[in-house]
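Subject: Structure handover

Hi,

Here is the structure I promised to pass on to you. Please have it open while you read, and my notes follow below.

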Amino acid sequence: MALIVPPSNEKKRVKVYELKNNDWFDRGTGFCTGRIINDESKIYVESEDSPERLLLETKITKDDGYQKQQDTLIVWTETSGIDMALSFQEAEGCATIWDFVSQVQQQLLSLGGPDDALSDDAMESFAKPLVLPQPEIGNLDDIEHAMRGIASTPQGRDALAKFVISEDYIRKLIPLVEMAEDLESLKDLHWLCNIMKMLILLNDSQIIDHIVNEEVVFGVIGALEYDPDFPNHKANHRRYLKDNSRYKEVLSIADPNITRKIHATWRLTYLKDVVLARILDDPTFGVLNSLIFFNQVDIISHLQNNPGYLEQLFGIIDNPTADIKRKRDAVGFIQSCCAIAKSLQVTPRATLYTNFINHGLLRVITFAILNKEASIRVAGTDILVAMIDHDPAMVRAYIYKAINEKKTPLTETLIELLLVEVDLGVKAQAADAIKVLLEPQPTQPPQQQPQSQPQQQPPQAQSQEAIARQTGEFLSKHFYDNSASKLFQPLKDLEKRETLNDITFHEVQLFNHLVEIIIYLSRTHQFRSKYYIFSEDISSRIAQLLSAPQKHLKLTALKFFRQCIGLQDEYYNRQIMQKNHFAPILNIVYETMPRDNLLNSACLELFEYIKRENIKQLIEHLVETFRSKLQEITYVDTFESLLHRYEQMQGFNPDADTTLFSNDSTSTPNRTPNVNGNQRWQGVKEMDAVEEAYFNTSDDEDEPLPKAVLSKAAKMNGVTTSPMLKSLVDYPDDDEDSMDTTPPEPEELGTKPELEPSPMLQTPPPERLSEKRRREEDNDEDELGKLSSTKRRNSGSSASNTGSAAGHNTLKRKKGFKNDRDSPTNGPSAKKIEISLSAKKAVSEAGSKGDDGG
């Protein structure tokens, strides 16, 4: 033991399991280590919670019962017969302990020293006294008890299996079955049944392989017919297996070993699925599956390596002189091969289908699904479905090839089968196959290439793009232009029918599959299917099915409309509203309420979805079109909520008469939260008759005043140069250089020298002007109107400020004011609105303009 290197002291986190009553019991979680103490190799697991407590302490023996499963599990059987398992948290820890166990076992086998477990010599010494009595009718009970005692330990099971194989013990038991039947000794037959069960449950592949041999199988199956658990019943397994009509040899197989494996595989399958289905444990079930799998691999490999056999097999279908029975057997043999291929790995399965297609598998499928015999059609659809499940892209590629070669593609054959088939299973398989073949190939996003190779594209991406391009061409140019018309013709023919009360059972199934295909296409082919549904008015035909007496057909039609609404596509919504498709759905609600069945619940879910997603277009249509009907449905609150939602939507619209002048005096014109709101801008409020007359009136007071007088009059009337009167929006002016809207400072106005009095100073004093203004302003509470009125009466400059302060919402009022001042009558005074901030310039301009006014 000195040569064994123990693992590192690093502890591996692990869970300890113990098998109790066919269920794994968790002993706890701890840390696992492998140690060598006194030349004994052991595995220790210390508890994670309390390290002083050991969850496991087991000695490694040279018994080969240790198994490593997956990457983190080690399973073995203790010498006491208890099954144990260690489940490691990390695969690295499992590998470390497994390497330690393997080294210890190799060392024990090389040394050949004594061990607690039975060594080979001890096994041989134990096997020598293991002598079962010779099988006879009188000692079957002794044989059964002896076997039961020996098989109680793993070592005994191994010894018993070796004894049975070496002594050919099963063959000695076979004659006793016939003897007990002749003697009608039911008790002895029950003992024989128990003995055969124990021999099979030894889980030895050699014994099971020996049982299914031609010379032994019928004796073993005969003993298993007399189950003591059912003493009053006898099975007929032998008669079923001896029926040679079940073995149909289409072509003779030259290799007898392959023929034997074919028969053995059939018997193993029957033994697993029928005879032992009730008593099989997991190990025996795994052994049976392994034997079946390896036999199938050998059979398929032999067929693929024999191209002459495949040519003869597929040639039977193309041979016009071959009878239909032989063709049926050939299709059945190919179906069996495809069924076997499902259990194979991907590579050999792909090779098998490639060889079959190269030899004409698609021709076989076309022949089978168009045949008059139902059994041949079922076999053909099974082959097609198996091939589609393996690789649908491969089937599509052959469909594209057939279209390019101007041949009938497989989709046309499937459509014809769906329309005429009466077998419900075949019809369902054909519909599923059509949906799979019409599945679009998504274009994968291009992979980012290194900068050194920007123009190079990986072959896989090119292949995906080619497949996507082929799929698009197939759907656009072939299916929707040609095949779809044939496929959905029964739906379009509904337009000629006034009622669906006379619809047949097969028509119901056909319409159900067609609507399911439409639903699938609307979900996957969004643009192509949308155009086809609109152009052919498919939705109206499906709406007709809502009046069918069959409830499951109504559910399928309702599923289509639920799919359309769920897409939240404006075109589908518009189609539903224009065709008034909600009317038959509401009729179903009226017919089924308040029973709360599946049909009624499906309708309510549709309206609940519209309310929950707040699809305003549909809510408005429902309420405006079916308000009275919705108000009558009161046993659920869905429709009341729809009405309430509609009222809320209408209440959210702003008042169309609300304008800038309806705001209170504290708000500024451009603080409106929504410039347009939910409606178009209504423009500036029209002036009433009093305002219009006031602005159109011209009197002596409209003559311009000097700037000093204007400023003084403005102060007396409460018009100041505070920031509140500044322009809210800085609009550009046409003559920006000659127009300065900045109000003059009082100091500048007070320092203007030698201003000669103008004739305009002979007018009434400013106090009278102020009184008149106050009287006019009392009639008009609008602040903006007060500003514009005051500034207009003072100067052209004040009018300019008023126009900018009112913003773009007072354009109409400003325009009327300006036109009045710019009229030919008042034309010369228009020049006097220019105000300069320079004192010197103000003096010179005041003098010159005063002369002009005089």
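Let me start with the strands. One thing to keep in mind throughout is that this is a predicted model. T77 has D83 of β7 as its bridge partner, and that pair belongs to a longer run of pairing: β6 and β7 (residues 83-88) are joined in the antiparallel sense over five bridges. Five residues lie between the two strands of this hairpin, and G81 has a positive phi there, near 95 degrees.

On its other pairing, β6 (residues 73-77) meets β5 (residues 67-69), again in the antiparallel sense, with three bridges. Here Q69 is bridged to L73 of β6.

Zooming out, the protein chain has 38 helices and seven strands. It holds 854 residues, and 43% of them are buried. Among contacts with a separation of 6 or more, 66% are between residues 24 or more positions apart.

Next, the nonpolar cores. The largest one has 120 residues, and the members that touch the most others are L361, F488, F582, F607 and I610. Helix α22 (residues 505-524) supplies the largest share of this core, with 10 residues. If you would like one residue to click on, try F607: apart from neighbours within four places in sequence, F607 contacts F582, I585, L586, V589, L622, T638, F639 and L642. There is also a second core, separate from that one, with 54 residues, including A159, V164, A180 and L199.

Finally, a helix pair that you may like to look at. How do the axes of α4 and α5 cross? Helix α4 (residues 154-167) and helix α5 (residues 169-183) have axes that come within 5 Å and cross at roughly 70 degrees. Angles of 65 to 115 degrees count as roughly perpendicular, so α4 is roughly perpendicular to α5. On the α4 side the contact is made by F163, V164 and E167, and on the α5 side by Y169, I170 and K172. Sorted by class, this contact has four nonpolar residues, two charged ones and no polar ones. V164 is thus a residue to look at twice, being part of the α4 contact with α5 and also listed in the second core.

Happy browsing, and do write back with any questions.

Best wishes

Methods
Residues numbered from 1 in each chain as written. Predicted model: local features only at pLDDT ≥ 70, side-chain atom pairs only at ≥ 80, totals over all residues. Heavy atoms only, no water. Pairing = 2+ DSSP bridges. Helix = DSSP H or I, 4+ residues; strand = E, 2+ residues; numbered from the N terminus. Core = buried A, V, L, I, M, F, W, Y, C linked by side-chain atoms within 4.5 Å. Buried < 20%, exposed > 50% of the residue type's maximum accessible area, 1.4 Å probe, protein only. Contact = heavy atoms within 4.5 Å. Axes fitted to C-alpha atoms, helices over the stretch in contact; angles between N-to-C directions. Parallel < 35°, antiparallel > 145°, perpendicular 65-115°, else oblique. Nonpolar A, V, L, I, M, F, W, Y, C, P; charged D, E, K, R; others polar.
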